[in-house]
Amino acid sequence: MKRILCAVPKTTMCGSTTREGKMNNNNDMNTTNTNKGGGGENKNWSNAYEKFRKEASDLTEEEAKELWRKTKQCMAQEDEVQLRLYAELDLIYGSDDDDDDDEDDGEEEEEAVENNLNNTTTTTNNKTKKKSAKTLMTNASSKSSNTVVDERTLSTDIFFLDDFAIRQWDDPNYSGTIIAHDKIDFVRKIHDYHTSSSSGEHKLVDGYAPFCKHVFVPNFVNAKVATVEITKENEHLLKSGYSARSENELAVLTRWFHVNDIFGDNAEDIKTSKMLDIILYSRDQLVKEREATGKADPNRPLPDAPWGIISIKAQDEPFELPMQPITMMRNALGKSEGGSGVPLEKSKYDASVAYWRNHAPLLKTDTPNGD
């Protein structure tokens with residue numbers, strides 16, 4: 001495979017000198033440095049990642065990929081848990097397995113990068129790549145978060161993961177947005193997005209009632225969109241039926257699309273959403289609903305954090321989509337029937353009808369049980 005040669009010598013993250021953009025074949029990527037001042041081993045992954053974090057934002061996309069591959073070599077001997085923490089960067093910069101499968105494509109890409117480095121007309125394009133890389137590094141840096149998550153209660157001092165949302169991880173028959181991400185790290189990331197937002201883009205946003213809030217964050221779990229627009233081409237595929245989210249609720253009439261009917265065997269073609277809508281209820285509201293439905297357990301009280309994550313929706317919009325009309329009706333029935341007790345508002349109901357008249361949930365299950 002053709003390699004890129006740059007004129008400026010650099011010290012690698014593992015200690016030896018090489019040229020930036022060229023792989024070092026001296027196997028020094030897997031050596032361990034000695035921290036003389038501390039009297040013990042200095043783990044390479046921390047040094048390697050720190051170098052990567054600082055330098056990647058100033059590189060083109062392809063150069064950053066190459067640097068990430070080198071960084072992984074330094075990290076390879078380290079604890080598997082640490083590698084899982086950085087797995088998200090594999091999705092950004094590619095894994096070694098991906099490189100093996102696409103070796104021919106990689107050669108063409110590297111040739112293109114080398115040409116770009118010698119072509120001053122690509123300045124604008126490279127600036128765009130650098131800006132993108134800086135954004136990625138900002139997100140990736142949250143991997144080293146100091147946020148404390150109580151692993152027993154899945155809570156920070158602001159948020160906790162409520163049982164109603166845990167279905168999206170643990171219930172194989174859940175019909176809404178499925179989350180395949182470590183629960184502890186998920187709560188930590190939501191906390192970090194909210195508390196580290198300098199411009200307020202991840203602040204608490206008012207919901208349909210005083211006890212309901214939203215936080216909108218980038219889709220860092222690669223969840224798929226949960227709704228599909230109804231068109232003349234697919235409207236004949238709509239299904240309808242009665243369903244309830246739990247044994248304590250009344251079954252209601254809903255309609256939906258089944259994934260297989262829309263995408264057949266190509267479920268991987270379902271679009272990955274841009275955003276996650278993190279729906280929150282106040283702790284006080286969740287206590288009231290537990291008591292009303294007979295689910296209150298004195299041996300398992302809710303965490304002390306003020307906001308419970310009760311649902312996660314994958315969507316492209318950085319704002320709340322209208323609640324389904326039938327969900328509004330269920331809420332109006334009261335807490336004893338599984339609702340929140342919030343009465344209907346005609347203007348909000350009309351807005352909901354306007355949206356859901358032209359959209360339907362996309363399900364992998366035979367009947368809905370999520371919204």
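A pocket is an open set of grid points with protein on both sides within 12 Å along at least five of seven lines. Keep that in mind as you look at this structure, which is a predicted model.

Start with the largest pocket. About 770 Å³ of space lies in it. The lining of this pocket is made of 37 residues. Closest to the centre are Phe164, Arg245, Tyr281, Glu289 and Ile310. What kinds of residues make up the lining: nonpolar, polar or charged? The lining has 15 charged, 12 polar and 10 nonpolar residues.

Now trace where the lining comes from. Helices α8, α11 (283-292) and α12 (325-333) each supply at least two of its residues. So do strands β7 (212-218), β11 (275-282) and β12 (307-315). Strand β12 gives the largest share, with 4 residues.

Phe164, one of the residues closest to the pocket centre, has a charged partner. Arg167 lies over the face of the Phe164 ring, at 4.0 Å from the ring centre.

Next, turn to rings that meet other rings. A pair of aromatic rings is described by two things: the distance of the centres and the angle of the planes. The model has 7 aromatic pairs. Take Trp169 and Phe186. Their ring centres are 5.1 Å apart and their planes stand at 85°. Planes over 60 degrees apart count as edge-to-face, so this pair is edge-to-face. The pair links distant parts of the chain, with the two positions 17 residues apart in numbering. Trp169 sits in helix α8 (residues 163-170), and Phe186 sits in helix α9 (residues 183-195).

Are these two rings buried or exposed? Buried means under 20% relative accessible area. Trp169 is at 15%, so Trp169 counts as buried. Phe186 is at 0%, so Phe186 is buried as well. Both rings also belong to one aromatic cluster, together with Tyr193 and Phe220.

Tyr355 and Trp356 form another edge-to-face pair. Their centres are 5.1 Å apart, with 85° between the planes. Both residues are buried.

These two residues lead us to helix α13, which covers residues 346-356. Ser352, Tyr355 and Trp356 are buried there. Why do these three count as lying on the same side of α13? They cover an arc of only 85° around the axis, which puts them on the same side. On the other side of α13, Lys346 and Ser347 are exposed. Helix α13 thus shows a buried side and an exposed residue pair across from it, Lys346 and Ser347.

Methods: Residues numbered from 1 in each chain as written. Predicted model: local features only at pLDDT ≥ 70, side-chain atom pairs only at ≥ 80, totals over all residues. Heavy atoms only, no water. Phe/Tyr/Trp six-rings, centres within 6.5 Å; stacked < 30°, edge-to-face > 60°. Buried < 20%, exposed > 50% of the residue type's maximum accessible area, 1.4 Å probe, protein only. Lys NZ or Arg CZ within 6 Å of the ring centre and 35° of its normal. 1 Å grid on protein atoms, 1.4 Å probe; cavity = no way out; pocket = protein on both sides within 12 Å on 5 of 7 lines; lining within 4 Å. Points joined across faces, edges and corners; volume = space filled by probe spheres on them. Nonpolar A, V, L, I, M, F, W, Y, C, P; charged D, E, K, R; others polar. Arc of directions from axis to C-beta.
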